[in-house]
Structures are given as structure tokens and as C-alpha cells.
Protein chains: 2
Amino acid sequence: MKKLFISLAAILLSCVAAQAQQALWSRANVVSPQINDDGSVTFRLNAPQADKAAVAGDFTTKDGKDIGYGEMTRDEKGVWEFTTPPLRSELYSYTFLVDGVRMCDPSNVYINRDVASVMNILITDGDRGDLYKVNDVPHGSVKRCWYDSPTLGKQRRMTVYTPAGYEQGKEKYPVLYLLHGAGGDEEAWMTLGRTSQIMDNLIAKGQCRPMIVVMTNGNPWQQAAPGESAAGMTQPAMKFDPSQKSFEEAFGDVISYVESNYRTIRKKEARAVAGLSMGGGHSFNISRMYPDKFDYVGLFSAAVGGVKDADVAASLAAQRDKGFKLYWIACGNTDFLYGANKDYMKYLDSIGFPYTYRESDGGHIWRNWRIYLSEFAPMLFAK
Amino acid sequence: MKKLFISLAAILLSCVAAQAQQALWSRANVVSPQINDDGSVTFRLNAPQADKAAVAGDFTTKDGKDIGYGEMTRDEKGVWEFTTPPLRSELYSYTFLVDGVRMCDPSNVYINRDVASVMNILITDGDRGDLYKVNDVPHGSVKRCWYDSPTLGKQRRMTVYTPAGYEQGKEKYPVLYLLHGAGGDEEAWMTLGRTSQIMDNLIAKGQCRPMIVVMTNGNPWQQAAPGESAAGMTQPAMKFDPSQKSFEEAFGDVISYVESNYRTIRKKEARAVAGLSMGGGHSFNISRMYPDKFDYVGLFSAAVGGVKDADVAASLAAQRDKGFKLYWIACGNTDFLYGANKDYMKYLDSIGFPYTYRESDGGHIWRNWRIYLSEFAPMLFAK
């Protein structure tokens, strides 16, 4: 024991020297963000030479006011600071704007990428934030793996969450296929959507049945998220390649891989498909194209449409006739797809297609998609 | 097919609107970094209001000169630019310095964290860079999972690489335990070390036997990397808590989890342990404390010492007597641990303890540790 302590102490001293040696390392000498007891958040930036600094974020105050921008004030040493009013418990994103340049907070290493933008994140305590945090509960595993898609003619990457206990047990599990929006990829639900935290927390509270969650890459021209395939470290972008077969047509390859590599319950009642925006459109298509596969469907701010097409109409009628347990449509009341979803529901009413509608505040944003997942997962796979 | 196309086109149009709606999104209107045909790299930053801008990186030119800093020049529109000389093929890290503030390149979403610093990365083509890139080869899976450590009294997180084909086959595999340095965690070898890319590429070229690589968290006071445990989104720091049992004493818990959850060959000849800096110290300790477990040991810029302690000396003599296949010591000739490693090797010589020494250029840096892994892995588990 003593000898270990001695050598470890030597190592620690060594590391201080190592730090001095590594020119790239430098720490900001301020604390930012600082989450205060009343739920307000203080941001700081050490920038003595700057003329102007501000925080750009998606903050919502406790009384429901959205704050997108806050001018920072400079102290005599050149440290800029801004404190929000008390905020609602949430996961927030922000960047700094310094003399017209957008930058991440150099004191905050927690960063999410949304398409081609990177931004810092923070979580404030309370009901919703607590659901997005890593808590002291049993944790599932998260695997990035590659599957063969013969339909698209390529190897493709996916992210798979298996609940705590999966490795040790022999039980079979139901599966939620969870699809991202345009510009996203197989990382989006993990980082922006906090899927593994939400699932760990819901399962630990007994509010949700343990399930496997499969997060695919919904861009058929792409093998994997930016930087994760031989396409290299390209600038992420929204793109559409009509020469490819569609993601929906290739979805059988996903199910086939998952069901032969994981212990799944291979029944309609144990499969769900849900997605946001483009992924909501994918879920709309996939659930009607594979009407024997999914008893649970979630359309989150979904890009729905095409019901005037005779084939689409016929497939929806067939889906209705075959039956399912839940067809859940969720949309924010300021979402630009609000009207399209309303129109779609009018059509569903006209053909007697049953669904449940959940309307929230807000627009086409991740805050809503995390809420929708938190509400949708507990409704799945009732025993 | 047609209907799918129609709805997808609608989605794509929708997304352009979505982008306008999301105030946090904004793209830099310059390309940066731009890797030029001659291996030079051009960096750009749109900052019309800045007075001074520079690039800080760890670039090495083709003729071996290290460049840590490059002043950018401003064009008439306020775009700053700097071009390096032709660079050696490598993975490089850099940040911008704008009027005294260190920031990531807003046009480059590829970011690594090293302890409490975040920095952009890029890879230039050629021999070494090609080994660190994702290439069009079969890819292994990477899993983040949690194991029980009764010795430390906590659940802990680890990262496990399994080679391509692991899921589909029934074969058993040898295991390399790969340990990080002080301030690092179970993510460090994946991000800074490019382990999954190096392993995929070496295995695909037939230069390395397919193996499982286990990347643990070597900080016994910690459950997981910053942000991945209930400790929350704290500022990463180097820390030492002598009240805890040591990582080395708890290493049996790691082996036990891996060998009961993965298809491993449970023999000394199929186990390797290697690490950098503090993790090199851990490998030094673990290999002598468990002398029946490891036939392959890698000390990369290792924090070694304590041989004057009678127990350490006795355990090294026992390790020597029991025998092993490879004891590989690698260090850079400007590493601050160079002297300590030289002293350690003198001691090994004095007791007739066989080892192989690899001396490289450079100091205590990730460039060297990637090279050491690339050279060490091919020497493991000869059939």
C-alpha cells in the first residue's frame, strides 16, 4: 500500500510538470457557468481586450419568459459577467458572442453539436433537469456498432442503448427505434436528446419498462455521423440525395440486425418506432409500410404529409384495419409543422384512424423532443 | 417510392425553415481548416472587429520543425487567415487566440477534450494520419458500460472495443487493458488516442491480431468521466484522494467483469496491460502485483519508481522469475519522465529483468502515445 502511495504521489507531481510542458493546455481562471441556489445562472468570460460580450442561449425563466440574449458587463479586471433570472429546471444550450464572434465558453467543457453548430450545455436542478442528469441509479450500456444494409449497399453505424441488467440476464426485451431529424445522425438522440439518461432515470423510478433503444442513422447516403466514416471530418450539413433508396425502404435491414444481435421480443406488441421532424416522417412511413411490425408509433413535430397520394392513403387504411396500441402525435403550438400536423390529424379523423394528440408550448426544438421522449417511453409495452 | 420522395422533399424544405427558427444555429461563412494538397493547412476566422488573431497548435513541418503559434492576417472583409508550411502526416490539435481569448475554431466541429481544455483536431493524409482516420475497413464496436467494483465500493464506467466480427462469431479473444494518464478517464484513449481507428486499421491490414481493448477509469475516487456520473458536470481536474484504495488493488474487479461478460481467452498469454504516464505507473504496478496474469506489459512515458521499496523489489524479482513475453518501455527523449525511465531500466538491468526499450523524439504528449499504441499492439498475442 505504502509503495503505491509513494509512486502515485510521484506521478501526480509529474503531471503538474506535464501540464506546463503541454502548450495547448490552458485554463480559464473564472467559474462559468455557475448555477446559483435560486436557479439563476451566472456566466463569466475573461476577456480584458474585448469591447462587447454577450450570452446567447435558450433560457426560460421560472415565470415562462424566454431569454435568448444577455449582454455581459465588464469588471475592472476585464472579466465579463451576466446572470440570468431564476430559470425553470431544464437542459440549456448557450454560446458567447464576443465582438461579433460566436464562441464556446472556455470554462465549460460540456459541449453538444447540433448539425454544424457546437454549443455549451448546462442543466439546472429540479423536476425536468433531474430527468436529464446522470443520477445515482443503475446505468444501461451504450454501444456504437456497425450493421450491414444490403438494401443501401453499405455498412452503417448505429447506437444501441441496453438497459441495466441486460448483460447479466437472459431476459428478452422490447425495442424502441428512435429516429433523428434532418441534419442529425446516430449521435443526436444521445447528445441533444439525453436518451440514456432519460431511460436510466425512468426505468429506475419504475415509470418505464426496461427496453432496448436503437438510434439509427436516417440519412441513406451516409454510413455514419460526421467524422465516424471514411467520408472524413467533413463539415456537417443537411443534404438530400434522391439517387439513393430511402431510409424507410432499408429499415428492414435495421430490424433484422437488431433482432439477430440482441435478445429482443420479436412481436408487434414489443416494437415501437418514433422520431422527430424528418424522423417523425420516417416513423409515419415506416409504421404504415411495415403494418405488422409496430404496435407503438410516436410522431414528434413530425414532417407528415402525402396523404393525397393513393398508395399512402391505402397503406394508412390498412394500418388502421390491422390495429395497433398507440399512435401518438406531439407538436409544439409554435412549431412551423403545427399546421401540417393539424391537417394530418383532420385526415386521420376523416378515415377513423385512432391517435392520441399531445400539444406542447414552443417550437421545433430539442427541449420539446426530450419532453416527448420522457412522456412517450412510459406508455410503451404495457404488460 | 414517389410518395416517399415527395414527403422527404417536403421535410427538407421544412428544415431550412427550422434552421431559421433556431436562434442558436449559425454557421461561420468560411472554410477552416482547409487541408491543402501539399500538406499545408489553412485556418480562417471571420472576425471583422478583432485586433489580433492567431492559431496555437502542435504542428510539425515535413522537415521536422515544431510550430506552436501562427499569427493570422486580416483581409479587407475581416476574415483572418494563417497557412502552415507543409506538415507531416499526423493528427493535430489547435485553438484560436483572438484578442487574448482562447477559443475553438467555429468552422470545425471536431473537438477533443484533454482534462479541462477543449481543442479542435484535424488529420493530414499520409502514413501516420491514415492510421488515425476512419477508413473503409470493417469496424469494431465500442461500448460504454458499467461494472461493479466491490474493492472500491462503487459502480464504475469503462469503454470496451470489440473487433469487427465479434458479435457474429463465437471465437474467444485476447484482451489488452489500456490505461490513461492523470487527468484522463475512460474516454481519453478513444478521443485523444484514436484507439478504435488504430485497432480497426491495424487489424484490417493484418498487422495486428483481433483483440478486445478495455479502457478503464484509473481514478479510484471517480465513478466515471466528467459529466458521466452523478458527480455532475463538474470542471475536470487532476486530483488525488489517498483515502481510497488504489486502482491497482481494485484491478481484479476489472478483469473479473471483462472475463465474465466477454468471450475472452483466460490465459496469461492472452492478456496485456499498457498505459501512459500515470497509466504506465499503473501498468508497472499491476503487472508485478498480478504476476500470473499478463504476458505483455507496455509502459508508455510511464511514471515508474519505488524500486528502493523492498516489497516492490521483491515483486519485480518474482515477476522476472515467473517470466513473460514482452516488457516494453517507450519514452520520448524530451519527456520529463525520461530520466526516471532511464533509472528504472538501470535497475532492471541490475536484476537481469528483460525488457525492450523504444525511444522516440518528443515529450509527454498524445502524439507519442498514439505511436506507441500503433507499435505495441502488433507485437501482442503472437500465435
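Here is a short conversation about how two chains of a predicted model fit together.

User: What makes the relation between chain A and chain B that of a two-fold axis?

Analyst: Let's start with the general idea: two copies of a chain are related by a rotation about an axis and a shift along it. Here, a rotation of 180° with 0.0 Å of shift superposes chain A on chain B, with an RMSD of 0.0 Å. That is why we speak of a two-fold axis. In chain A, K143(A) has the C-alpha nearest the axis, 2.0 Å from it. The two copies also use the same surface, as 100% of the contact residues of chain A recur in chain B.

User: How many residues are in contact, and what area is buried between the chains?

Analyst: On the chain A side 103 residues are in contact with 103 residues of chain B. The area buried between them is about 8600 Å², and carbon and sulfur atoms give 64% of that. Helix α1 of chain A, residues 2–21, gives the most to the side touching chain B, with 13 residues.

User: Why is the pair K143(A) and E167(B) called a salt bridge?

Analyst: Good one to check by hand! The rule asks for a Lys or Arg side-chain nitrogen within 4 Å of a carboxyl oxygen of Asp or Glu. In this pair the closest N and O atoms are 2.6 Å apart, so the pair meets the cut-off of 4 Å. Across the interface the rule finds two salt bridges. There are also 10 residue pairs in polar contact, both residues being at pLDDT 80 or more.

User: How do you know that C104(B) is in no disulfide?

Analyst: A disulfide is a covalent bond between the sulfur atoms of two cysteines. To count, the two sulfurs must be within 2.5 Å. For C104(B) the nearest cysteine sulfur belongs to C104(A), and that is 6.4 Å away. The pair therefore fails the cut-off of 2.5 Å. In fact, a search of the whole structure finds zero disulfides.

User: Why are C104(B) and C208(A) called buried?

Analyst: Buried means under 20% relative accessible area. C104(B) has 14%, so this cysteine counts as buried. C208(A), at 6%, therefore counts as buried too.

User: What makes helix α4 of chain B "mostly covered"?

Analyst: Nine of the 10 residues in this helix, which spans residues 195–204, are buried. Among them are T195(B), I198(B), M199(B), D200(B) and L202(B). After the helix comes G206(B), whose phi is positive, near 75°.

Notes. Residues numbered from 1 in each chain as written. Chains lettered and ligands numbered in written order. Predicted model: local features only at pLDDT ≥ 70, side-chain atom pairs only at ≥ 80, totals over all residues. Heavy atoms only, no water. Least-squares fit on C-alpha atoms with pLDDT ≥ 70 in both. Contact = heavy atoms within 4.5 Å. Buried < 20%, exposed > 50% of the residue type's maximum accessible area, 1.4 Å probe, protein only. Buried area = accessible area lost by both parts, 1.4 Å probe. Polar contact = N/O pair within 3.5 Å; in protein donor to acceptor, adjacent residues only side chain to side chain. Helix = DSSP H or I, 4+ residues; strand = E, 2+ residues; numbered from the N terminus.
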